[in-house]
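Colleague: I would like a close look at one part of this protein: the packed interior and the side-chain pairs in and around it. Please take me through it piece by piece.

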Amino acid sequence: MNPLAGPTKQSVQAVLNQLSDHERETIELRLERWTPDLVAALTVLYPEIDVEELVGRLAERAVQAFRERDPELRRLDQRRLLTPDWLQQPTRFGYACYTERFGDNLARLPEHLDYLRDLGVDYLHLMPLLRPREGDNDGGYAVQSYRTVREDLGEIDDLRNLARTLRGQGISLVLDLVLNHVAREHEWAERARAGDDHYRRYFYIYPDRTAPDAYERTLPDVFPDFAPGSFTHDDEVDGWVWTTFNEWQWDLNWANPDVLVEFAEIVLFLANLGVEVLRLDAIAFTWKRLGTSCQNQPEVHALTQALRAVARIACPATVFKAEAIVGPRDLVQYLGQGEHAGRVSDLAYHNSLMVQVWSMLATGNVVLTRQALSALPTTPPAGTWICYLRCHDDIGWAIDDGDARAVGLEGYAHRRFLSEWYAGEYPGSWADGLVFQANPVSGDKRISGTAASLLGLSAEGDMPGDDAALARLFVASAIVCGWGGIPVIWSGDELGMTNDPHWADEPGHEDDNRWAHRPRLDWQRAERRHDRATSASKVFEGVAHLARVRAALPQLHAAADSTVLMHTDAGVLAVVRSHPSGPMLCVYNVTDSWRPFEYRHFTEAGIHHPHDAIENRDIHIGDDGMVGLSPYAAWWVVEGRPGVS
Ligand code: GLC
């Protein structure tokens with residue numbers, strides 16, 4: 001369907017008429033290219049309506065946003081279109097933080113750009129900064145207004161200026177798009193409570209418990225501790241409101257096309273401020289279906305496709321990142337499979353890799369990881385993983401029961417072991433985490449804690465056992481940086497910061513121990529980042545070194561394939577990266593003892609003069625055909641030049 005040919009022609013045409021010939025040609029070509037994606041998605045989502053009219057509404061908004069787009073951003077659009085793999089390049093390196101916990105406010109954040117540059121950062125995820133509800137707001141994930149910045153952080157113009165400053169330094173700004181729910185105080189929810197039917201249809205509101213009970217039969221509990229159940233009775237609206245997360249986060253009804261149009265406008269608004277990556281928060285939950293967990297429904301991908309098509313028409317420099325913290329089998333769908341290939345998000349969190357890193361370090365065993373990572377469906381070519389060790393959330397033990405069974409483990413028991421290990425309850429554990437949301441029904445216990453605390457590092461790094469903790473931090477970071485997606489460091493982890501002992505002191509935080517691993521950045525500690533004697537420096541320099549080495553290795557381009565070797569020592573993870581510039585073999589010892597590695601793995605991978613790029617040294621074969629890996633060793637091995645180190 002061509003929006004320039006149907007009955008919607010007039011509204012689109014009216015905007016087109018305001019464009020120059022060159023602009024018109026650009027936008028017409030984009031409409032021609034992306035309208036079919038839009039139509040296909042809308043047809044799946046809203047089979048009962050006249051899709052043509054909806055296409056017209058969306059196309060008109062996209063063209064309008066294109067018309068209003070800053071010339072500098074249009075230039076960025078062109079630049080990105082000329083380099084479609086811009087996100088996949090090994091130079092990409094990410095950092096995520098709360099604005100106020102890192103740099104006070106939006107205007108002052110650029111004062112810390114040298115710090116980010118030191119680390120090699122060119123992708124900056126600022127945690128939710130649009131105006132949230134007052135009081136507890138789930139770290140900003142209960143948005144009251146999508147077009148206003150949180151008062152203490154600045155104004156919309158500060159955000160626009162910050163995006164421009166970052167862009168000038170080659171840093172892409174990443175922001176959240178919270179689209180599963182809005183705050184109870186958002187205007188749409190207020191209007192619904194005032195009895196406006198148009199807005200009541202934006203939500204799921206039921207007169208009695210019949211529907212909620214029916215859904216709850218198959219719905220898992222997301223916050224069983226502080227917000228049990230998925231529905232909340234609201235006296236003002238006189239009904240049961242769907243609230244997957246907290247009772248003041250009202251789930252949106254995406255089966256209503258008006259909700260899609262609202263969010264298309266928000267996407268365009270944020271893109272025109274200069275946001276380059278939109279993190280689709282809790283995207284897995286956006287479509288509800290009776291008798292299911294109401295996660296990962298096929299329509300979720302169709303609605304992503306619709307929004308993406310709109311963005312591609314108006315602002316192709318803006319891409320999507322799926323925040324779907326789901327089981328390994330469902331995960332790859334978010335990067336586009338089947339009919340959605342190349343049409344949804346370009347980025348998604350590699351939750352499975354993250355969980356496996358923790359599992360390997362706790363057990364000193366890679367057998368489950370080999371199984372889980374090699375059982376993942378192939379990553380779509382344009383798909384890029386966000387590789388991370390920690391983020392602002394708790395860690396949920398997404399271990400697939402089938403994967404566990406395949407290697408002789410029991411999924412439930414292993415998940416339980418991991419919780420106990422990282423809570424520091426298991427005999428011999430070096431970890432110092434906190435249990436988050438123990439679920440008495442499923443037995444699940446998630447874990448909070450900074451990377452340093454979970455790996456056993458002390459605050460000052462002067463305790464026995466700290467060397468081992470530092471080595472664990474390094475090997476974990478190397479696995480994350482060597483997988484071939486965008487590594488994203490969670491603020492504070494680059495300095496080895498431990499859990500914030502005062503996390504519960506701030507009003508609204510007392511029930512949510514995720515704040516333990518969301519400390520304010522300790523700038524005094526940061527000052528010591530180049531003082532080799534400190535643990536802060538050892539962690540920081542280690543991460544910055546990995547970023548530098550990574551940037552020079554074409555094998556870490558995200559489009560290259562990763563293959564996990566199945567026949568290595570049980571304490572050694574080995575991953576082959578295949579790339580036309582030559583193979584790479586990443587080798588990691590996840591144990592605290594020396595481990596053997598057969599030299600033949602290098603030659604079989606096509607590497608004849610193995611050279612470790614991390615330590616810039618050649619690797620030599622022992623008399624027994626083996627090489628020895630020291631405790632927690634991390635090697636990124638490429639073809640070296642004989643005699644040259
Ligand atoms: C995402 C966020 C998490 C938040 C939830 C609800 O999972 O990462 O912090 O609690 O969505 O918005």
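Modeller: Keep in mind that this is a predicted model. I will start with the nonpolar core and work outwards to the rings and the charges.

The largest nonpolar core has 199 residues. Those with the most contacts inside it are Leu42, Tyr95, Phe263, Tyr422 and Trp636. Helix 11, residues 257-273, gives the most to this core, with 11 residues. Domain 1 (181-251) and domain 2 (555-639) both contribute residues, so the core lies between them.

Take leucine 42 from that list. Setting aside residues up to four places away in sequence, leucine 42 touches Val51, Leu54, Val55 and Leu58. Leucine 42 also touches Leu260 and Ala306. A second core is separate and has 16 residues, including Leu565, Ile619, Leu629 and Ala633.

Now a single helix. Helix 15 covers residues 367-374, and its buried residues are Leu368, Thr369, Arg370, Ala372 and Leu373. What do they pack against? Three helices are on the list: helix 14 (351-363), helix 16 (401-406) and helix 17 (411-422). Two strands are there as well, strand 18 (561-564) and strand 19 (572-578).

Next, the loop between helix 13 (328-331) and strand 13 (347-349), where serine 345 is found. Is serine 345 buried or exposed? Serine 345 has a relative accessible area of 4%, so it is buried, the cut-off being under 20%. Leaving aside neighbours within four places in sequence, serine 345 contacts Leu280, Thr304, Phe320 and Lys321. Ala322, Tyr334 and Leu335 are in contact with serine 345 too.

On to the aromatic rings. The whole structure holds 35 aromatic pairs. One of them joins phenylalanine 231 and tryptophan 242. The ring centres are 4.7 Å apart, the planes make an angle of 50°, and the pair is tilted. Phenylalanine 231 lies in strand 8 (residues 231-234) and tryptophan 242 in strand 9 (residues 239-242), so the pair ties together parts 11 residues apart in sequence. Phenylalanine 231 is buried at 6% relative accessible area. Tryptophan 242 is buried as well, at 1%.

Other rings form a cluster. Ring pairs link Trp358, Trp397, Phe417, Trp421, Tyr422, Tyr426 and Trp430. Tyr422 is also among the residues with the most contacts inside the largest nonpolar core. Trp430 has a charged partner: arginine 472 lies over the face of tryptophan 430, at 4.0 Å from the ring centre. Elsewhere, arginine 33 lies over the face of tryptophan 34, at 4.0 Å from the ring centre.

That brings us to the charges. Side chains of opposite charge can pair when their charged atoms come close. A search of the whole structure finds 48 salt bridges. Three of them are worked through here.

Glutamate 276 pairs with arginine 80, with the closest N and O atoms 2.5 Å apart. This pair links distant parts of the chain, 196 residues apart. Glutamate 276 is in the loop between helix 11 and strand 11 (277-281), while arginine 80 is in helix 4 (residues 71-82). Glutamate 276 is buried, with a relative accessible area of 3%. Arginine 80 counts as buried too, at 13% relative accessibility.

Arginine 101 forms a salt bridge with glutamate 506, the closest N and O atoms being 2.9 Å apart. Arginine 101 sits in helix 5 (residues 99-103) and glutamate 506 in the loop between strand 17 (486-490) and helix 20 (523-527), so the pair ties together parts 405 residues apart in sequence. Arginine 101 is buried at 6% relative accessibility. Glutamate 506 is partly exposed, at 30%.

Arginine 289 pairs with glutamate 299, and the closest N and O atoms are 2.5 Å apart. Arginine 289 is in the loop between strand 11 and helix 12 (298-314) and glutamate 299 is in helix 12, so this bridge ties together parts 10 residues apart in sequence. Arginine 289 is partly exposed, with a relative accessible area of 31%. Glutamate 299 counts as buried, at 10% relative accessibility.

Last, a network. Salt bridges that share partners join Asp138, Asp393, Asp512, Arg514 and Arg518.

Key:
Residues are numbered from 1 along each chain as its sequence is written. This is a predicted model: local features need pLDDT of at least 70, side-chain atom pairs count only at pLDDT 80 or more; totals for chains, interfaces and linings use all residues. Side-chain values use heavy atoms; hydrogens and water are left out. Buried means under 20% relative accessible area, exposed over 50%, partly exposed in between (1.4 Å probe, protein chains only). Helices (H or I, at least four residues) and strands (E, at least two) are DSSP runs, numbered from the N terminus. Contact means heavy atoms within 4.5 Å. Rings of Phe, Tyr and Trp (its six-membered ring) pair if their centres lie within 6.5 Å; planes under 30 degrees apart count as stacked, over 60 as edge-to-face and the rest as tilted. A charge sits over a ring if NZ of Lys or CZ of Arg is within 6 Å of the ring centre and within 35 degrees of the ring normal. A nonpolar core is a set of buried Ala, Val, Leu, Ile, Met, Phe, Trp, Tyr and Cys residues joined through side-chain atoms within 4.5 Å. Domain bounds come from an automatic or database domain assignment. A salt bridge is a side-chain nitrogen of Lys or Arg within 4 Å of a carboxyl oxygen of Asp or Glu.
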